[in-house]
Amino acid sequence: MTDSFGIAIWISTFQPTIFRLEKKQANFLTRSKPEGNYVLIGGPTIDNNSVQLYLGWMNVLQPLVDKGDINIVSNTFVNEWNVENGYTVVKDLLDTDVQLDAIIAGNDALASGAIQALHENDLEGEVFCSRTGCRHKCHSEYCFWKPDDYSFTSL
């Protein structure tokens, strides 16, 4: 949702299904990469879905952050759910020479941009990327990018 739609009011509710599925997404990623530097890329904060996704991720990640197993090197909410924003977040991080081990993206567009930046930096075999809404790569709601073969697997 953007302001350009001219919407005067947005009504939303807590969506326990999203919260539960995002916990599943984060759990899957932490089982695959239980330690390291994580990047979180969420959508617009004016979209309640972004907030719910983030809460689901953090419900799983916070105990691991507290233990020191996971370091969140970037926790970014972008203005639009698009490829360019996912690309920019990861590209900017890579330009600072920070090591990335895992990325959780709020939708397929953000993850596609993140993966593009990884690919351009020859990191497609090094960094795990988990994403939601994989309409273009697989036919399920939740997918996980396996760095060893540059493919997507349903969760």
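Here is a short walk through the fold, from the whole chain down to a strand pair and a helix pair.

Keep in mind that this is a predicted model. The protein chain has four helices and six strands, and if you read along the sequence they come in the order α-β-α-β-α-β-α-β-β-β. Of its 155 residues, 43% count as buried. The contacts reach well along the sequence, too: take those with a separation of 6 or more, and 68% of them join residues 24 or more positions apart. As for the outside, the chain exposes about 8000 Å², with carbon and sulfur atoms supplying 50% of that area.

Now zoom in on strand β3, which covers residues 102-105. Ala102 and Ile104 point one way from the strand, Ile103 and Ala105 point the other way, and all of them are buried. The strand pairs with β1 (residues 36-42) in the parallel sense, over four bridges. One residue to click on is Ala105, the bridge partner of Ile41.

Next, the helices. Two packed helices are described by the angle between their axes and the distance between the axes. For α3 (residues 83-95) and α4 (residues 108-120), the angle is about 40° and the axes are 6 Å apart. Angles from 65 to 115 degrees would count as roughly perpendicular and those under 35 as roughly parallel, so α3 and α4 are oblique to each other. Their crossing is right-handed. What meets what here? On the α3 side, the residues include Val83, Gly86, Tyr87, Val90 and Leu94, while α4 brings residues including Ala109, Leu110, Gly113, Ala114 and Ala117.

How values were computed. Residues numbered from 1 in each chain as written. Predicted model: local features only at pLDDT ≥ 70, side-chain atom pairs only at ≥ 80, totals over all residues. Heavy atoms only, no water. Buried < 20%, exposed > 50% of the residue type's maximum accessible area, 1.4 Å probe, protein only. Helix = DSSP H or I, 4+ residues; strand = E, 2+ residues; numbered from the N terminus. Pairing = 2+ DSSP bridges. Contact = heavy atoms within 4.5 Å. Areas by Shrake-Rupley, 256 points an atom, 1.4 Å probe, with all protein chains shown as cover. Axes fitted to C-alpha atoms, helices over the stretch in contact; angles between N-to-C directions. Parallel < 35°, antiparallel > 145°, perpendicular 65-115°, else oblique. Left-handed = near helix turned anticlockwise from the far one by under 90°.
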